Amino acid sequence: MFIKEGDLVDTTRKNIMYTNFVIKGKQVDNYSKIYFASNEKLDKIFSNVDIKDKNVLTVLGSGDQAFHLYNRGARHVDVFDKNKLTLFYYYLRRWVIQYLNTFYPETNLRNIYIKKLLKKVEPRTIEELDAYNYWSEYINFFEAFNTEKLLLKSFNYSSNEISDLSIIKRKIEEDDFSFYDFDISGDISLDRKYDIIYKSNVSDYISKEKAIFEKYRDNLYDLLEDDGVIVSSNVVFKEPSNIERVIFSEKFDFQMFPGYIHSLNNPPRGYVYKKKMLT
């Protein structure tokens, strides 16, 4: 369906209104605070998987995950997140890399900084224009102190910083990604398969109700190529829950990252599920 300019204006106003709700601490479906950066050790996590020339689907979050996948040679990277605001931040991150040659934006993200950045941006797609309109309206509506309430920051994010941005810049120019604003444990309809799915620690936030966890597992299974793998990180907990182990074992082979020692002082970074061929 063709989107008219007026539709984009109305969509932008709605997104700004919901952003305001989020900043004020109100609960809104599909809108929530944004991670400034990932709190995962992404370089160490992805060192356990062959990513080169692979088609990848990753949780979006702060965008760090997608950029690290590009930097490790992924052919194509699509992203998903049930928080719609992550897409606007992802575009901001892409622009910062493209036009300012830095991996992260400034930490306090002042309006004047965003305004100067937007002057350099030339949107190439409807989705990018939507993000451009969002940030243009954002700096007219909000003050800098509001942004402090919108972004979630960790203390060790610099460990994920990438200094040589040449590969990422090239991939940003070449790769037309898709964003899916769905709950991976809900009803989804996507006629595409991937070599790798990076689900981060999404499992920590999925309801432990059996039917929901089975749908979550089945969605991931259906989105994978026959020899595909799911990569997961350990953030909240040190290993997958018992219900995840049991339910996923029906359709996946499990492998903890190398060097795993069952110790609180030396927790594993994550684990991999390899898709089984069911008969």
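Let me begin with one pair of residues, S232 and Y271, because Y271 in β9 is the bridge partner of S232, and strands here, like helices, are DSSP runs numbered from the N terminus (E, at least two residues, for strands; H or I, at least four, for helices). What we have on the screen is a predicted model, in which local features need pLDDT of at least 70 and side-chain atom pairs count only at pLDDT 80 or more, while totals for chains, interfaces and linings use all residues. Residues are numbered from 1 along each chain as its sequence is written, and side-chain values use heavy atoms, with hydrogens and water left out.

To return to the sheet, strand β7, residues 224-233, pairs with β9 in the antiparallel sense over five bridges, where two strands are said to pair if DSSP finds at least two bridges between them. Both strands belong to an open sheet of seven strands with mixed pairing, in the order β5-β3-β2-β6-β7-β9-β8. At the edges stand β5, residues 179-180, and β8, and each has a single partner strand, so one side of each is left without a neighbour in the sheet. Helix α9 packs on this sheet and touches β2, β6 (194-200), β7, β8 and β9, its direction making about 130° with that of β7; contact here means heavy atoms within 4.5 Å, and axes are lines fitted to C-alpha atoms, for helices over the stretch in contact, with angles from 0 to 180 degrees between N-to-C directions.

Next, a pair of helices. Helix α3, residues 64-71, packs against α8 at an angle of about 100°, with the axes 8 Å apart. That makes α3 roughly perpendicular to α8, a description that covers 65 to 115 degrees, whereas angles under 35 count as roughly parallel, over 145 as roughly antiparallel and the rest as oblique. The residues that meet are F67, Y70 and N71 from α3 and I167, I168, K171 and I172 from α8.

One of these, I168, also appears in the interior: the largest nonpolar core has 83 residues, and those with the most contacts inside it are W95, W135, I168 and I184. By a nonpolar core I mean a set of buried Ala, Val, Leu, Ile, Met, Phe, Trp, Tyr and Cys residues joined through side-chain atoms within 4.5 Å, and buried means under 20% relative accessible area, with exposed being over 50% and partly exposed in between (1.4 Å probe, protein chains only). Helix α4 supplies the largest share of this core, ten residues. If we leave aside neighbours within four places in sequence, W95 is in contact with several residues, among them L117, L118, V121 and W135.

Now to the charged side chains. How many salt bridges does the structure hold? There are 17 salt bridges in the structure, each being a side-chain nitrogen of Lys or Arg within 4 Å of a carboxyl oxygen of Asp or Glu. One of them joins E173 and R124, at 3.8 Å from N to O, and this pair links distant parts of the chain, since E173 is in helix α8 (residues 166-174) and R124 in the loop between α5 (111-118) and α6 (126-141), 49 residues apart. E173 is partly exposed at 47% relative accessible area, and R124 counts as partly exposed at 47% too.

A second bridge joins R217 and E250, at 2.9 Å from N to O. R217 lies in helix α9 (residues 210-223) and E250 in the loop between α10 (242-248) and β8 (252-256), so the pair ties together parts that are 33 residues apart in sequence. Which of the two is buried? R217 is buried, at 4%, whereas E250, at 46%, counts as partly exposed. A third joins D253 and K276, with the closest N and O atoms 3.9 Å apart; D253 lies in strand β8 and K276 in the segment after β9 (270-275), so this pair ties together parts that are 23 residues apart in sequence. D253 is partly exposed at 42%, as is K276 at 24%. Salt bridges that share partners also join R217, D218, E250 and K251 into one network.

Finally, two points about the backbone. Most residues other than glycine have a negative phi. In D53, however, phi is near 65°, a positive value in a residue other than glycine, and D53 lies in the loop between α2 (42-46) and β2 (55-59), where D53 counts as partly exposed at 42% relative accessibility. L109 likewise has a positive phi, near 45°, and lies in the loop between α4 (85-100) and α5, but L109 counts as buried, at 0%.
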